[in-house]
Amino acid sequence: MAAVIAAAGLIQPDASATGHVGPAAAPASGPQAAAPDPAAVTYPLDCKGLPTAVTATAQGDLDGDGRPETVAAVRCDAGSGTPPHAIYVLAQDKAPGSTPRVVATLLEAGKRQTATELTVRDGVVTASLLGYSSPQVPRYSPDVKQLAKWRWSGGKFRQELTNSDARSV
């Protein structure tokens with residue numbers, strides 16, 4: 001039994017499965033930088049007095065600087081219904097005690113989409129987005145599903161959209 005417990009301590013999860021990619025996933029001689037804490041950020045989301053809710057996060061080095069960023073799917077915490085999401089990239093300065101901040105908006109809440117999955121792998125942010133093909137579609141029944149990907153390139157995030165079929169999801 002002791003041998004099994006000792007062997008289990010040596011097994012580590014695959015870095016790509018945890019959302020950690022790039023230098024943060026590689027063994028290093030010093031301490032690794034921590035990904036920004038999404039709870040420590042004030043988001044630029046107009047919730048008309050309601051609080052915000054972070055519903056999904058993923059971490060990884062998106063810009064190749066060796067420090068992990070956090071991607072957060074955030075919505076207004078309305079208590080009922082499914083408010084649309086905004087997706088933000090968070091970074092933290094190297095200075096000790098610095099607070100995380102929003103450095104990019106990948107998806108604006110005004111797009112009226114809901115993020116159902118959020119991952120970071122190999123420097124690419126991927127989100128499954130649910131939306132509506134027209135204003136006549138009931139808000140409780142999204143009929144468009146998109147797979148959105150964002151990649152840091154040329155000093156900004158570039159987006160790719162796929163799987164944009166109008167149908168009940």
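**Note on a predicted model: loops, sheet and side-chain pairs**

1. The place to begin is P100, which is found in the loop that runs between strand β3 (86-91) and strand β4 (101-107). The model is a predicted one, and what follows should be read with that in mind. P100 has a relative accessible area of 10%, and because that value is under 20%, the residue counts as buried. Setting aside residues up to four places away in sequence, P100 touches P36, D37, A40, V41, A91 and Q92. One of these, V41, is 59 residues from P100 in sequence, yet the two C-alpha atoms are 6.1 Å apart in space.

2. For a reader who is new to the structure, the overall make-up may help at this point. The secondary structure consists of one helix and eight strands, and along the sequence these follow the pattern α-β-β-β-β-β-β-β-β. The protein has 169 residues, of which 35% count as buried. Of the contacts with a separation of 6 or more, 42% are made by residues that lie 24 or more positions apart.

3. The two strands that flank the loop of P100, β3 and β4, also belong to an open sheet of four strands, arranged in the order β1-β2-β3-β4 with antiparallel pairing. Strands β1 (52-60) and β4 stand at the edges of this sheet, and each has a single partner strand, so one side of each is left without a neighbour in the sheet. From one strand to the next, the twist averages 30°. As a general matter, the strands of a sheet pair through backbone hydrogen bonds, in either a parallel or an antiparallel way.

4. Which strands does β2 pair with, and over how many bridges? Strand β2 (residues 69-76) pairs with β3 in the antiparallel sense over five bridges, and β1 and β2 pair, again in the antiparallel sense, over eight bridges. Individual residues show how the strands line up: V54 has V74 of β2 as its bridge partner, while V74 in turn stands opposite A86 in β3. A73 has its bridge partner in β3 as well, namely I87. Strand β2 is mostly covered, with seven of its eight residues buried.

5. Strand β2 also takes part in a covalent link. The structure has one disulfide, which joins C47 to C76 with an S to S distance of 2.1 Å. The two cysteines are 29 residues apart and link distant parts of the chain, C47 being in the loop between α1 (2-10) and β1, and C76 in strand β2. The torsion about the S-S bond is about -90°, so the disulfide is left-handed. Both C47 and C76 are buried.

6. K48 deserves a separate remark, since the loop between α1 and β1 that holds C47 also holds K48. Is K48 buried or exposed? Its relative accessible area is 70%, and because this is over 50%, K48 counts as exposed, whereas C47 is buried. The phi angle of K48 is near 50°, which is a positive value in a residue other than glycine.

7. A positive phi is also found at R112, where the angle is about 55° although the residue is not a glycine. R112 lies in the loop between β4 and β5 (114-121). Its relative accessibility is 46%, and because that falls between the limits of 20% and 50%, R112 counts as partly exposed.

8. Outside the four-stranded sheet described above, T126 in strand β6 (residues 124-131) can be looked at through its surroundings. T126 is buried, with a relative accessible area of 17%. When its neighbours within four places in sequence are left aside, T126 is in contact with E117, L118, T119, L147, A148 and K149.

9. Finally, there are some arrangements that involve aromatic rings. The structure holds two aromatic pairs; one of them is formed by W152 and F157, whose ring centres are 5.0 Å apart and whose planes stand at 70° to each other, an edge-to-face arrangement. Within this pair, F157 is buried, with a relative accessible area of 18%, whereas W152 counts as partly exposed at 34% relative accessibility. A ring of another kind of contact is that of Y132, over which the charged end of R139 sits, 3.8 Å from the ring centre.

Notes
Residues are numbered from 1 along each chain as its sequence is written. This is a predicted model: local features need pLDDT of at least 70, side-chain atom pairs count only at pLDDT 80 or more; totals for chains, interfaces and linings use all residues. Side-chain values use heavy atoms; hydrogens and water are left out. Buried means under 20% relative accessible area, exposed over 50%, partly exposed in between (1.4 Å probe, protein chains only). Contact means heavy atoms within 4.5 Å. Rings of Phe, Tyr and Trp (its six-membered ring) pair if their centres lie within 6.5 Å; planes under 30 degrees apart count as stacked, over 60 as edge-to-face and the rest as tilted. A charge sits over a ring if NZ of Lys or CZ of Arg is within 6 Å of the ring centre and within 35 degrees of the ring normal. Two strands pair if DSSP finds at least two bridges between them. Axes are lines fitted to C-alpha atoms, for helices over the stretch in contact, and angles run from 0 to 180 degrees between N-to-C directions. A disulfide is a pair of cysteine sulfur atoms within 2.5 Å.
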